[in-house]
Amino acid sequence: MFQSYVMQKEYVEYDSLAAWEEKNTQGLLIQNDENGGAVYFYFNENSEVGSWIKNKLQDFSLDEVLFQAK
């Protein structure tokens, strides 16, 4: 089952994933794939949260993918 979670410091309600993509500045979107075999972290390029995630997961295999609102 496909799921999405948004994490950020302040509560903001988004009408859609496309709205998150357009308005996000320092948040993090976490999604699983439809088969449950992968987890995706989406954040703005060169963001503080992105640097933190990459540092914490440096021992894991990470592939960069573009975000596409579904």
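Mentor: Contact means heavy atoms within 4.5 Å. This is a predicted model, in which local features need pLDDT of at least 70, side-chain atom pairs count only at pLDDT 80 or more, and totals for chains, interfaces and linings use all residues. Residues are numbered from 1 along each chain as its sequence is written, and side-chain values use heavy atoms, without hydrogens and water.

Trainee: Great, let's begin with the core. Which helix gives the largest share of the largest nonpolar core?

Mentor: The largest nonpolar core (buried Ala, Val, Leu, Ile, Met, Phe, Trp, Tyr and Cys joined through side-chain atoms within 4.5 Å) has seven residues: Tyr14, Leu17, Ala19, Trp20, Leu29, Tyr42 and Phe67. Three of these residues come from a helix spanning residues 17–23 (helices are DSSP runs of H or I, at least four residues; strands are E, at least two; both numbered from the N terminus). The helix with the largest share is α1.

Trainee: Tyr14 belongs to that core. Which residues does Tyr14 touch, leaving aside those up to four places away in sequence?

Mentor: Start with two other members of the core, Ala19 and Trp20, both of which Tyr14 touches. With neighbours up to four places away in sequence left out, the full list for Tyr14 is Val6, Gln8, Ala19, Trp20, Lys23 and Asn24.

Trainee: Let's follow Asn24, then. Is Asn24 buried or exposed?

Mentor: Look for Asn24 in the loop between α1 and β2. Among its contacts are Gln8, Tyr14 and Asn44, not counting residues up to four places away in sequence. Its relative accessible area is 8%, and the cut-off for buried is under 20%, with exposed over 50% and partly exposed in between (1.4 Å probe, protein chains only). Therefore Asn24 counts as buried.

Trainee: Now to helix α2. Which residues of α2 are buried?

Mentor: Helix α2 runs over residues 48–56. Seen down the axis of α2, the buried residues fall within an arc of 100 degrees (taken from the directions from the helix axis to the C-beta atoms), so they line one face. Strands β2 (28–32) and β3 (39–42) are among what covers them. The buried residues of α2 are Val49, Gly50 and Ile53.

Trainee: And which exposed residues sit on the face of α2 turned away from its buried side?

Mentor: One of them is a tryptophan in α2, Trp52, which counts as exposed because its relative accessibility is 52%. Its partner on the face turned away from the buried side is Glu48. That gives the pair Glu48 and Trp52.

Trainee: How many Å separate the C-alpha atoms of Trp52 and Asn24?

Mentor: We have met both residues: Trp52 lies in helix α2, while Asn24 is in the loop between α1 and β2. Along the chain, Trp52 and Asn24 are 28 residues apart. The separation of their C-alpha atoms is 17 Å.

Trainee: One last backbone question. What is the phi of Asn46?

Mentor: Asn46 lies in the loop between β3 and α2, and Asn46 is exposed because its relative accessible area is 74%. Most residues other than glycine have a negative phi. Asn46 has a positive phi despite being a residue other than glycine. The value is near 65 degrees.
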